[in-house]
Amino acid sequence: MGADTAAAQLAALTADRVDHRFKGLPPDAAGLTVGELAAQRRSLFTDGFTTPVLALSAERLQHNLELMETYATRHGLAFAPHGKTSMAPQLFWKQIEHGAWGITLAVPHQVRVAREFGIDRIFLANELVDAAALRWIASELARDAGFRFVCYVDSVRGVQLMDAALRETARPVDVVVELAAGEGARTGVRTETDCAAVADAVAATATLRLVGVAGYEGEVPQADPERVHAWLRRLTGLAVDFDKAGRFSGLEEIVVSAGGSAWFDAVADVFAEIPELSLPVLKLLRSGAYVSHDDGHYRRLTPFARVPEEGALHPAFRLWAQVVSRPSPEQAFANAGKRDAAYDLDLPEAQVVRRDGTERPATGITVTGLSDQHAWIRTAPEADLRVGDWLGMGLSHPCTSFDKWQLIPLVEADGTVVDYVRTFF
């Protein structure tokens with residue numbers, strides 16, 4: 001598979017027809033292909049786009065891709081960004097073009113999407129016990145010698161279920177033992193002793209191959225730099241212990257993986273301390289939210305705020321809605337709601353108002369709530385907001401922003417739409 005498959009499938013996306021499936025696109029573009037519409041380089045603001053419409057900044061997207069490529073290279077890290085953030089194969093390939101080792105995913109459907117678009121290296125950050133999905137993974141491994149697949153194991157029972165589903169496979173499935181981030185955290189094996197038991201169970205099969213250890217430091221209880229560093233040292237210590245016990249014999253490399261979007265600086269610190277092992281170590285970072293960043297949750301949590309000398313990610317999303325009601329001097333309503341905007345972590349942030357081709361700060365304007373299709377807006381005395389104005393809002397949490405839009409305009413700073421990003425949720 002690989003690049004040739006990707007090129008063909010990505011080209012097929014541009015041949016799709018613009019129609020009622022895609023929110024916000026110009027009604028007069030119906031019947032054009034996505035590629036034809038992109039070639040017209042329409043203005044988001046004056047060429048027929050309807051509100052609400054989500055825009056992804058072309059310049060900010062490019063900046064974020066380049067920044068994380070530089071960061072990973074500087075710190076000697078391989079990088080498999082979490083694709084569940086965008087579920088956009090066009091962005092997967094941009095990430096790979098900017099140095100990513102492969103793509104991280106969470107569930108079998110996401111793996112199928114990635115494979116359809118030629119992704120050859122996939123890290124599944126979950127234990128996979130679905131028999132039908134495992135048999136499909138085995139068939140992919142059998143037909144494509146270039147396909148690299150790694151997934152978590154976090155229980156002896158899970159190993160047994162995987163083994164039972166894979167009995168007919170000729171090529172073993174690579175697995176990493178997931179170390180839990182602590183008691184009460186999400187998935188993963190709670191103790192090093194139990195990790196060894198899971199590793200023993202893997203070794204007793206012919207269908208699985210232990211290739212490393214992994215986990216997610218974002219689940220460390222009461223996370224702070226000291227606690228996160230301590231847990232990461234437990235993870236790397238587990239890799240060292242497994243190596244000393246000869247659990248990785250016969251491999252080409254040992255996989256050690258961690259790294260969400262909040263603590264990848266700690267991952268870089270601790271992974272730099274990994275001693276020389278019997279084999280080269282693939283130090284695999286998995287941060288995903290960086291690709292669009294945000295104006296809320298990750299703006300507060302990003303490690304770049306702690307280490308500004310490394311650079312800064314730029315929020316690349318802006319949701320445009322139109323003011324449809326101004327019932328009182330203190331209140332307004334815009335035509336974007338829960339169907340359009342992320343709201344699971346923070347409400348949208350009113351940023352700019354656009355009227356008659358002029359953009360200005362959204363002074364005195366606050367989004368206070370969302371209905372299905374309305375934003376509730378509080379306006380202070382200094383707010384200048386009228387029915388018909390376009391309101392540009394920043395969003396928090398990229399993962400629940402991408403998933404509300406099937407086709408997202410990629411927009412340059414002057415409002416020119418240069419491409420469209422297709423998502424598959």
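These are my notebook entries on helices, strands, ring pairs and backbone details that I looked up in a predicted model.

**Entry 1: the sheet**

I began with the open sheet, which has eight strands in the order β2-β9-β8-β7-β6-β5-β4-β3, and I noted that the pairing is parallel. I then asked which strands are at the edges. They are β2, at residues 78–79, and β3, at residues 103–105, each of which pairs on one side only. As a reminder to myself, strands of a sheet pair through backbone hydrogen bonds, either parallel or antiparallel.

At the β3 edge I looked up the neighbour, strand β4 (residues 121–127), which runs parallel to β3 and is joined to it by three bridges. Within this pairing I found Thr 104 opposite Phe 123 of β4.

Next I looked for a helix against the sheet and found α7 (residues 156–165), which lies across β4, β5 (148–153), β6 (173–178) and β7 (208–214). Its direction is at about 140 degrees to that of β5.

**Entry 2: helices α3 and α4**

I turned to helix α3 (residues 58–74) and helix α4 (residues 89–97), whose axes are 9 Å apart and which pack at an angle of about 40 degrees. The two helices are therefore oblique to each other, because the angle is neither under 35 degrees, which would count as roughly parallel, nor in the 65 to 115 range for roughly perpendicular. I recorded the crossing of α3 and α4 as right-handed.

Which residues of α3 and α4 meet? From α3 I listed Leu 61, Leu 65 and Glu 69, and from α4 I listed Leu 91, Lys 94, Gln 95 and Glu 97. Sorted by class, this contact has three nonpolar, one polar and three charged residues.

**Entry 3: a ring pair that starts in α3**

A search of the whole structure gave 13 aromatic pairs, and I followed up the one formed by Tyr 71 and Phe 264. The ring centres are 5.2 Å apart and the planes stand at 70 degrees, so I entered the pair as edge-to-face. Tyr 71 belongs to helix α3 and Phe 264 to helix α10 (residues 264–271), so this pair ties together parts that are 193 residues apart in sequence.

**Entry 4: helices α9 and α10**

Having arrived at α10, I checked how helix α9 (residues 225–244) packs on it, and found that the axes come within 9 Å and cross at roughly 45 degrees. That makes α9 oblique to α10, and α9 passes α10 in a right-handed crossing.

The contact residues of α9 include Val 228, His 229 and Leu 232, while those of α10 include Ala 266, Val 267 and Asp 269. By class I wrote down seven nonpolar, two polar and two charged residues for the contact of α9 with α10.

**Entry 5: a hairpin**

I then examined strands β17 (residues 407–411) and β18 (residues 417–422), which pair in the antiparallel sense over five bridges. Ile 408 has Val 421 in β18 as its bridge partner. The two strands form a hairpin with five residues between them, and Gly 415 in the turn has a positive phi of about 95 degrees.

**Entry 6: backbone exceptions**

I kept a general rule in mind here: most residues other than glycine have a negative phi, and most peptide bonds are trans. Where does Met 87 lie? I placed Met 87 in the loop between β2 and α4, and its phi is near 45 degrees, a positive value in a residue other than glycine.

Lastly, I noted a cis peptide bond between Thr 51 and Pro 52, with omega about 0 degrees. Pro 52 is in the loop between α2 (34–39) and β1 (53–57).

Definitions and conventions: Residues numbered from 1 in each chain as written. Predicted model: local features only at pLDDT ≥ 70, side-chain atom pairs only at ≥ 80, totals over all residues. Heavy atoms only, no water. Axes fitted to C-alpha atoms, helices over the stretch in contact; angles between N-to-C directions. Helix = DSSP H or I, 4+ residues; strand = E, 2+ residues; numbered from the N terminus. Parallel < 35°, antiparallel > 145°, perpendicular 65-115°, else oblique. Left-handed = near helix turned anticlockwise from the far one by under 90°. Contact = heavy atoms within 4.5 Å. Nonpolar A, V, L, I, M, F, W, Y, C, P; charged D, E, K, R; others polar. Pairing = 2+ DSSP bridges. Phe/Tyr/Trp six-rings, centres within 6.5 Å; stacked < 30°, edge-to-face > 60°.
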